[in-house]
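Subject: Structure for you to look at, with notes

Dear colleague,

I am passing on the structure we spoke about, and my notes on what was found in it follow below. Please have the model open while you read.

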Amino acid sequence: MKKILKHLVILWLLFMLVAVGGITFKGYQLYKEAVSSVSLETKFEEMKQGEHYTNYEELPEIYIQAVISVEDKRFFQHPGIDVKSICRAIIHNIQAGALVEGGSTITQQLAKNLYFDQEKSFLRKIAEVFMAFDIEGHYTKKEIFEWYVNTIYFGEGYYGIGSACLGYYGKEPEAMTDEEAMTLAGIPNAPSLYNPRANQELCRERMLQVKRAMENY
């Protein structure tokens, strides 16, 4: 009986290895297809031509710290993925019985914004990981952060921090107040709920969440 159980366990482990390997390979193929269609260099050059494109040096330090505090606390330390966040997300997903949390870093979110849709799937998450390593291998953290905040959605049809700041406050990002910076850092989590025009009360609650996250960070 023990031998049978041992063989069953070995077979199950082999099956899992094959399954994981197959999904990883398909995720890698998805990543290769994406960069083969349009290179990262081309994507970034096109982005920089945007009307309200904002450079890293034009961003207030408090906005940078606010975004990092709520989106990716170890952004300047990790190589594109955050193992701690991934482990935490796996536990939460197992508890929920569904893919409810992805543990994505800013780099992975940038990869998604540039190449993939918003659908949550393991295959796309794997492709994001390969894309994140590619991005981190060729560009600096400041460049990655700059590109990220120029691709995220802020609600009301505003894409990118420059467009959002002008749309909501009538000013360039470098002129943001501390409260405005924290407000804009919190909006992308749920743009239709947290933007200033949708619900002032929820918007302020979210801003205070960002402030607390910054204090903890």
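In which helix does Gly-162 lie? Gly-162 belongs to helix α8, and before going further I should say that the model is a predicted one. With a relative accessible area of 2%, Gly-162 is buried, the cut-off for that word being under 20%. Once its neighbours within four places in sequence are left aside, Gly-162 is in contact with His-52, Thr-54 and Pro-173. Of these partners, Thr-54 is 108 residues away from Gly-162 in sequence, although the two C-alpha atoms are 5.7 Å apart in space.

Overall picture

The protein chain has 11 helices and zero strands, so that the pattern read along the sequence is α-α-α-α-α-α-α-α-α-α-α. Of its 217 residues, 41% are buried, and the accessible surface comes to about 12,300 Å², with 57% of that belonging to carbon and sulfur atoms. Among the contacts with a separation of 6 or more, 64% are between residues 24 or more positions apart.

Helix α7

Helix α7, which covers residues 141-149, is mostly covered, with seven of its nine residues buried. The buried residues are Lys-141, Ile-144, Phe-145, Glu-146, Trp-147, Tyr-148 and Val-149, and they pack against α2 (40-48), α3 (61-71), α5 (106-115), α6 (122-138) and α8 (161-169). Two residues of this set also take part in arrangements with aromatic rings: Lys-141 has its charged end over the ring of Phe-75, 4.6 Å from the ring centre, while Phe-145 is linked by ring pairs into a cluster with Tyr-56, Phe-75 and Phe-76.

Aromatic rings

The structure holds 13 aromatic pairs. In the pair made by Tyr-28 and Tyr-31, the ring centres are 5.7 Å apart and the planes stand at 55°, so the pair is tilted. Both residues lie in helix α1 (residues 2-37), three residues apart, which is about one turn of the helix. An α-helix has 3.6 residues a turn, so residues three or four places apart point the same way. Are the two tyrosines, Tyr-28 and Tyr-31, buried or partly exposed? Tyr-28 counts as partly exposed at 35% relative accessibility, whereas Tyr-31 is buried, with a relative accessible area of 9%.

Tyr-115 and Phe-116 form another tilted pair, with 6.4 Å from centre to centre and 50° between the planes. Tyr-115 is buried at a relative accessible area of 16%, and Phe-116 counts as buried at 12%. Lys-43 lies over the face of Tyr-115, at 4.9 Å from the ring centre.

Salt bridges

A search of the whole structure finds eight salt bridges. Glu-128 takes part in a salt bridge with Arg-124, where the closest N and O atoms are 2.5 Å apart, and in a salt bridge with Lys-125, at 3.5 Å from N to O. Both partners belong to helix α6 together with Glu-128: Arg-124 is four residues from Glu-128, about one helical turn, and Lys-125 is three residues from Glu-128, again about one helical turn. Glu-128 and Arg-124 are both buried, the relative accessible area of Glu-128 being 0%, and Lys-125 counts as buried at 14% relative accessibility.

What does the salt bridge between Glu-179 and Arg-204 link? The side chains meet at 3.6 Å, N to O, and the pair links distant parts of the chain, with Glu-179 in helix α9 (residues 178-186) and Arg-204 in helix α11 (residues 200-216), 25 residues apart. Glu-179 counts as partly exposed at 44% relative accessibility, and Arg-204 is also partly exposed, at 43%. Returning to helix α6, salt bridges that share partners join Arg-124, Lys-125 and Glu-128 into one network.

A surface patch

Ile-23, Phe-122 and Leu-123 form a nonpolar patch on the surface, and together they have about 280 Å² of accessible area. Phe-122 has its place in helix α6 and counts as exposed, at 59% relative accessibility.

With best wishes

How values were computed:
Residues are numbered from 1 along each chain as its sequence is written. This is a predicted model: local features need pLDDT of at least 70, side-chain atom pairs count only at pLDDT 80 or more; totals for chains, interfaces and linings use all residues. Side-chain values use heavy atoms; hydrogens and water are left out. Helices (H or I, at least four residues) and strands (E, at least two) are DSSP runs, numbered from the N terminus. Buried means under 20% relative accessible area, exposed over 50%, partly exposed in between (1.4 Å probe, protein chains only). Contact means heavy atoms within 4.5 Å. Accessible areas come from the Shrake-Rupley method with a 1.4 Å probe; for residues, only the protein chains shown count as cover. Rings of Phe, Tyr and Trp (its six-membered ring) pair if their centres lie within 6.5 Å; planes under 30 degrees apart count as stacked, over 60 as edge-to-face and the rest as tilted. A charge sits over a ring if NZ of Lys or CZ of Arg is within 6 Å of the ring centre and within 35 degrees of the ring normal. Patches are made of residues with over 30% relative accessible area and no salt bridge: like charges are joined within 9 Å, nonpolar side chains (Val, Leu, Ile, Met, Phe, Trp, Tyr) within 5 Å. A salt bridge is a side-chain nitrogen of Lys or Arg within 4 Å of a carboxyl oxygen of Asp or Glu.
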